[in-house]
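Hi there,

Here is the structure I promised to pass on to you. Have a look at it first, and then read my notes below.

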Amino acid sequence: MRIVVLVSGGGTNLQAIIDGINNNTIRDTEIVEVVSNNANAYALTRAKENGINGKCISPKDFASREDFNRALVAEMDNLNPDLIVLAGYLVNIPSEMVKKYTNKIINIHPSLIPSFCGKGYYGLKVHEGALKRGVKITGATVHFVDEGTDTGPIILQKAVEVKEGDTPEILQKRVMEEAEWVILPKAIDMIAKGEI
């Protein structure tokens, strides 16, 4: 299975995918390209260090959002992936791309959807929301991407305990280590093996 990984930042989930492919917990899968909207994303360095083609396609480099959307869709069409993985990608996916790649785009979200998801809930904001609400359990969700924000069909979820004295940063790290880096590679492997 050929996958493209879309990232905006450090690429820790990308690293979990690379590790999964290398240690064969993700079977029959290759990353054909890593695309970032941020030229300085450390994820692009990770790609390079692992011999994976990396590319920056940023809305800032285009006159309009429509032009950016067209360029992103054209890149996907050119690569022709079996699966597009959003691994901490903070740009809205063009609806044309969602329609064209129905059930071929997955996203990882750092909460147990439907909690702390949708508009405005990304990055640390998710964990701030969970702590403010006082939940005892949070976690992560891998889901298919549809037209809404975090509304597509859920593939896998994993719960993570919220502990006394957690800060958003500490909680974010625990959710990544105990949930995100576990279920994202697992979901990709299941899709590659035709189990989903």
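The notes that follow go from the whole chain to its largest pocket and then to one residue.

Please keep in mind that this is a predicted model. The protein chain contains six helices and seven strands, and from start to end they run in the order β-α-β-α-β-α-β-α-β-α-β-β-α. Its radius of gyration is 16 Å, close to the 16 Å that the globule rule gives for 196 residues, so the chain is as compact as a globular protein of that length. The C-alpha trace spans about 50 × 40 × 30 Å along its principal axes.

Of the 196 residues, 48% are buried. If you take the contacts between residues at least 6 apart in sequence, 63% of them join residues at least 24 apart.

Next, the largest pocket, which holds about 970 Å³ of space. Its lining is made of 38 residues, and the closest to the centre are G88, Y89, L90, N107 and Y122. Try finding α1 (12–22), α4 (95–100), β5 (105–109) and α6 (168–192) on your screen: each of them gives at least two residues to the lining. Sorted by class, the lining has 14 nonpolar, 19 polar and five charged residues.

Finally, is H143 buried or exposed? H143 sits in strand β6 (residues 137–144). Its relative accessibility is 2%, and buried means under 20%, so H143 counts as buried. Leaving aside residues up to four places away in sequence, H143 touches several others, including I105, N107, D150 and I155.

Enjoy exploring!

Best wishes

Definitions and conventions:
Residues are numbered from 1 along each chain as its sequence is written. This is a predicted model: local features need pLDDT of at least 70, side-chain atom pairs count only at pLDDT 80 or more; totals for chains, interfaces and linings use all residues. Side-chain values use heavy atoms; hydrogens and water are left out. Helices (H or I, at least four residues) and strands (E, at least two) are DSSP runs, numbered from the N terminus. Buried means under 20% relative accessible area, exposed over 50%, partly exposed in between (1.4 Å probe, protein chains only). Contact means heavy atoms within 4.5 Å. On a 1 Å grid over the protein atoms alone, a cavity is a set of points where a 1.4 Å probe fits but cannot get out, and a pocket is an open set with protein on both sides within 12 Å along at least five of seven lines; lining residues have an atom within 4 Å of a point. Grid points are joined across faces, edges and corners, and a volume is the space filled by probe spheres set on the points. Ala, Val, Leu, Ile, Met, Phe, Trp, Tyr, Cys and Pro count as nonpolar, Asp, Glu, Lys and Arg as charged, and the others, Gly among them, as polar. The radius of gyration is taken over C-alpha atoms; the globule rule is 2.2 Å times the number of residues to the power 0.38.
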